[in-house]
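This report is written for a reader meeting the structure for the first time. Please keep the sequence and the model in view while reading, and look up each residue as it is named.

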Amino acid sequence: MINIKRISWPAAVAMLLALLVSTGSLMALAAAPAANTPVEIAAESIEYDAASGLMTATGGVRITQGQAVMTGDRAQYNTKSQEGHLTGGVQAVSQDATLTAAEVKTYNNNTRLVAWGGAVLTKGEQRLTGPRIEYITTTQYALVPENAKIEMPDGTMTANKIEAFIPENRATGTGSVHIVSPARKLDAIADTATYYGEPQGQSKVVLSGNARAVQDGNILTGETLTLHLDEKAMGAQGRTKLVITPQ
């Protein structure tokens, strides 16, 4: 039997949709559905225990809010603890943004989300990937705590850890940072790197700790390097070494 019901389950869905939209807003995503947009849940079976406040949907779960759709094999949400858990090839799609992961959990009154199991957030040509993606909805802060990677049209940044500060259009990679941009003929490494996307037209990356950047065959090393991406220029602070390769 297939049940299709409208259930007041806005929190977990809205939070996941917020993750989907807000994480990508680092690269200028559209707004999330309005909080009062109806949520529709369809599954082969939906059970609700009023005493415990636990709702369980199993079998081809499909959750829809506005133009956003989330699917998985199983979903649980506790209306009392306001914690949710979705499993089984979770996929959330909103406009041109897609989040996929093996599982997604919500905590702390749905202010903290954790997606893990090959978590991938794709928005247009940009992708944020890692074994796990965490997101704090109140501050729009995203964390990939290990084996993190951001892919953009003109390059990638990998690091042991990547933090994204969505409202500021800023991201920081920590530990074995490696930036590669074939379009800019740039290859850079450092202990830490921070990308600043604002103001537009003046984006830059600041490399700190054992920094080394190679562009057009020229090699710049130092403790702190600043790569002005739009101007295709580099600067350095502290003792620096530059090796110029004749063209």
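## A pair to start from

Which residue forms a salt bridge with Glu168? The partner is Arg170, and the closest N and O atoms of the two residues are 2.7 Å apart. Before going further, the reader should keep in mind that this is a predicted model, and that each distance, angle and accessibility given here is computed from it. Glu168 has a relative accessibility of 45%, and because exposed means over 50% and buried under 20%, Glu168 counts as partly exposed.

## Salt bridges around Glu134

The salt bridges of this model come to four in total. One of them joins the side chains of Arg112 and Glu134, with a distance of 3.6 Å from N to O. This pair links distant parts of the chain, since Arg112 belongs to strand E8 (residues 112-123) whereas Glu134 belongs to strand E9, and the two residues are 22 residues apart.

The side chain of Glu134 also meets that of Arg132 in a salt bridge, here at 2.6 Å from N to O. Arg132 is partly exposed, with a relative accessible area of 32%. Through these shared partners, Arg112, Arg132 and Glu134 are joined into one network. Within this network the accessibilities can be set side by side: Arg112 is partly exposed at 24% relative accessible area, while Glu134, at 13% relative accessibility, counts as buried.

## Strand E10 and its two neighbours

Glu134 also leads to the pairing of strands. Strand E9, which covers residues 126-136, pairs with strand E10, residues 141-144, in the antiparallel sense over three bridges, and within this pairing the bridge partner of Glu134 is Leu143 in E10. E9 and E10 form a hairpin with four residues between them, and in the turn Gln140 has a positive phi of about 55°.

E10 has a further antiparallel pairing, with strand E13 (residues 161-165), to which it is joined by four bridges. In this pairing, Ala142 has Ala164 of E13 as its bridge partner.

## The hairpin of E17 and E18

Further along the chain, strand E17 (residues 218-228) and strand E18 (residues 233-243) run antiparallel and are joined by nine bridges. One of the bridge pairs is that of Ile219 with Val243, the latter lying in E18. E17 and E18 form a hairpin, with four residues between the strands, and Lys232 in the turn has a positive phi of about 50°.

## The largest nonpolar core

Which residues touch the most other members of the largest nonpolar core? They are Ile179, Val205, Leu207 and Leu227, in a core that holds 49 residues. The largest share of this core, amounting to five residues, comes from strand E15, which runs over residues 186-196.

Val205 shows in detail what such a position looks like. When residues up to four places away in sequence are not counted, Val205 touches Ile179, Ala193, Thr194, Tyr195, Leu225, Thr226, Leu227 and Leu229. Among these contacts are Ile179 and Leu227, which are themselves named with Val205 among the residues touching the most other core members.

## A buried threonine

Thr106 lies in strand E7, which spans residues 97-107. Is Thr106 buried or exposed? Its relative accessible area is 2%, and because anything under 20% is taken as buried, Thr106 is counted as buried. A polar atom of the side chain of Thr106 lies 2.7 Å from the backbone nitrogen of Gly84.

## Less common backbone geometry

Most residues other than glycine have a negative phi, and most peptide bonds are trans. Against this background, the peptide bond from Glu198 to Pro199 is cis, with omega near -5°. Pro199 is placed in the loop between E15 and strand E16 (204-215).

Two further residues deserve a look for their phi values. Ser176, found in strand E14 (residues 170-181), has a positive phi of about 50° although it is not a glycine, and Ser176 is exposed, with a relative accessible area of 56%. Lys185, in the loop between E14 and E15, likewise has a positive phi, near 50°, in a residue other than glycine, and Lys185 is exposed, with a relative accessible area of 56%.

Definitions and conventions: Residues are numbered from 1 along each chain as its sequence is written. This is a predicted model: local features need pLDDT of at least 70, side-chain atom pairs count only at pLDDT 80 or more; totals for chains, interfaces and linings use all residues. Side-chain values use heavy atoms; hydrogens and water are left out. A nonpolar core is a set of buried Ala, Val, Leu, Ile, Met, Phe, Trp, Tyr and Cys residues joined through side-chain atoms within 4.5 Å. Buried means under 20% relative accessible area, exposed over 50%, partly exposed in between (1.4 Å probe, protein chains only). Contact means heavy atoms within 4.5 Å. A polar contact is a pair of N or O atoms within 3.5 Å; within protein, one must be able to donate a hydrogen and the other to accept it, and residues adjacent in sequence count only if both atoms are side-chain atoms. Two strands pair if DSSP finds at least two bridges between them.
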